[in-house]
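Hi,

Here is the structure I said I would pass on. Have a look at it first, and then read my notes underneath.

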Amino acid sequence: MAKLALINKQKKREKLVAKYAKKHDAIMEKMSVNASPDERFEAMKKAAKLPRNANRTRLHNRCSVTGRARGYSRWFGLCRQQLRTMASEGKLPGVRKSSW
């Protein structure tokens, strides 16, 4: 299981991203291709003033059960180990262990 501090840090980032989403989108819109170089520079300055953790790229997918960041399956929201154990126990509807 992942450290609780890492899970809490991720939740904090998610809140910051949600809080600054509209502001971030507005700034990025001003940095479009049609903008003049001066407008882009001003928008870059504004973007630099936003908190680093308010950027969507800092988010990382984590397993909903263990908090593990690696081996994450988007379809189920689980890491590979939990996916396998839950599928074997029959806790995931429509999932069967394959054999051929």
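Below is what I found, going through the helices, the salt bridges and a few individual residues.

One thing to keep in mind is that this is a predicted model.

**The two helices α1 and α2**

Let's begin with helix α1, which covers residues 4-30, and helix α2, which covers residues 37-49. Two packed helices are described by the angle between their axes and the distance between the axes. Here the axes come within 8 Å and cross at roughly 155°. Angles over 145 degrees count as roughly antiparallel, and α1 and α2 are therefore roughly antiparallel to each other. The crossing of α1 past α2 is left-handed. If you want to see where they meet, look at Ile 27, Met 28 and Lys 30 on the α1 side, and at Ala 43, Lys 46 and Ala 47 on the α2 side.

Leu 50 is worth a look while you are there. This residue is placed in the loop between α2 and β1. Leu 50 has a relative accessible area of 12%, so it counts as buried. Leaving out neighbours within four places in sequence, its contacts are Tyr 20, Lys 23, His 24 and Ile 27. By contrast, Ala 2 is 48 residues from Leu 50 along the chain, and their C-alpha atoms are separated by 28 Å.

**Buried residues along α1**

Next, three residues of helix α1: Gln 10, Arg 13 and Val 17.

Gln 10 counts as buried because its relative accessibility is 5%. Setting aside residues within four places in sequence, Gln 10 is in contact with Arg 58, Leu 59, His 60 and Arg 62.

Arg 13 is the one that made me stop. What is the nearest side chain of opposite charge to Arg 13? It is Glu 14, and it is 8.9 Å away. A salt bridge needs a side-chain nitrogen of Lys or Arg within 4 Å of a carboxyl oxygen of Asp or Glu. Arg 13 is buried yet has no salt bridge. With neighbours up to four places off left aside, Arg 13 contacts Asn 53, Arg 58 and Leu 59.

Val 17 is buried too, at a relative accessible area of 8%. Asn 53 is 36 residues from Val 17 in sequence, but the two are 7.0 Å apart in space, C-alpha to C-alpha. Beyond the four-place window in sequence, Val 17 touches Asn 53, Ala 54, Asn 55, Arg 56 and Leu 59. You will notice that Leu 59 turns up in the contacts of Gln 10, of Arg 13 and of Val 17.

**Salt bridges**

How many salt bridges are there? The count comes to 2.

One joins the side chains of Asp 25 and Arg 56, at 2.8 Å from N to O. This pair links distant parts of the chain, with Asp 25 in helix α1 and Arg 56 in the loop between α2 and β1 (72-73), 31 residues apart. Both ends are partly exposed: Asp 25 has a relative accessible area of 37%, and Arg 56 has one of 43%.

Glu 89 and Lys 91 also form a salt bridge, with their closest N and O atoms 3.1 Å apart. Are these two buried or exposed? Glu 89 is exposed, and Lys 91 is as well.

**Arg 62 and Gln 82**

Arg 62 is another residue in the loop between α2 and β1. Its relative accessible area is 22%, so it is partly exposed. Not counting residues up to four places away, Arg 62 touches Ala 2, Leu 6, Gln 10, Gly 67, Arg 68, Ala 69, Tyr 72 and Gly 77. Met 28 is 34 residues from Arg 62 along the chain, with 27 Å between their C-alpha atoms.

Last on my list is Gln 82, in helix α3 (residues 80-89). Outside the four-place window in sequence, Gln 82 touches Cys 63, Val 65 and Thr 66. Ser 64 is 18 residues from Gln 82 along the chain, and their C-alpha atoms are separated by 9.4 Å.

If you open one spot to begin with, I would pick Arg 13, which is buried and has no salt bridge.

Cheers

Note on methods
Residues are numbered from 1 along each chain as its sequence is written. This is a predicted model: local features need pLDDT of at least 70, side-chain atom pairs count only at pLDDT 80 or more; totals for chains, interfaces and linings use all residues. Side-chain values use heavy atoms; hydrogens and water are left out. Helices (H or I, at least four residues) and strands (E, at least two) are DSSP runs, numbered from the N terminus. Buried means under 20% relative accessible area, exposed over 50%, partly exposed in between (1.4 Å probe, protein chains only). Lys and Arg count as positive and Asp and Glu as negative; His and the chain ends are not counted. Contact means heavy atoms within 4.5 Å. Axes are lines fitted to C-alpha atoms, for helices over the stretch in contact, and angles run from 0 to 180 degrees between N-to-C directions. Angles under 35 degrees count as roughly parallel, over 145 as roughly antiparallel, 65 to 115 as roughly perpendicular and the rest as oblique. A crossing is left-handed if the near helix is turned anticlockwise from the far one by less than a right angle, and right-handed if clockwise.
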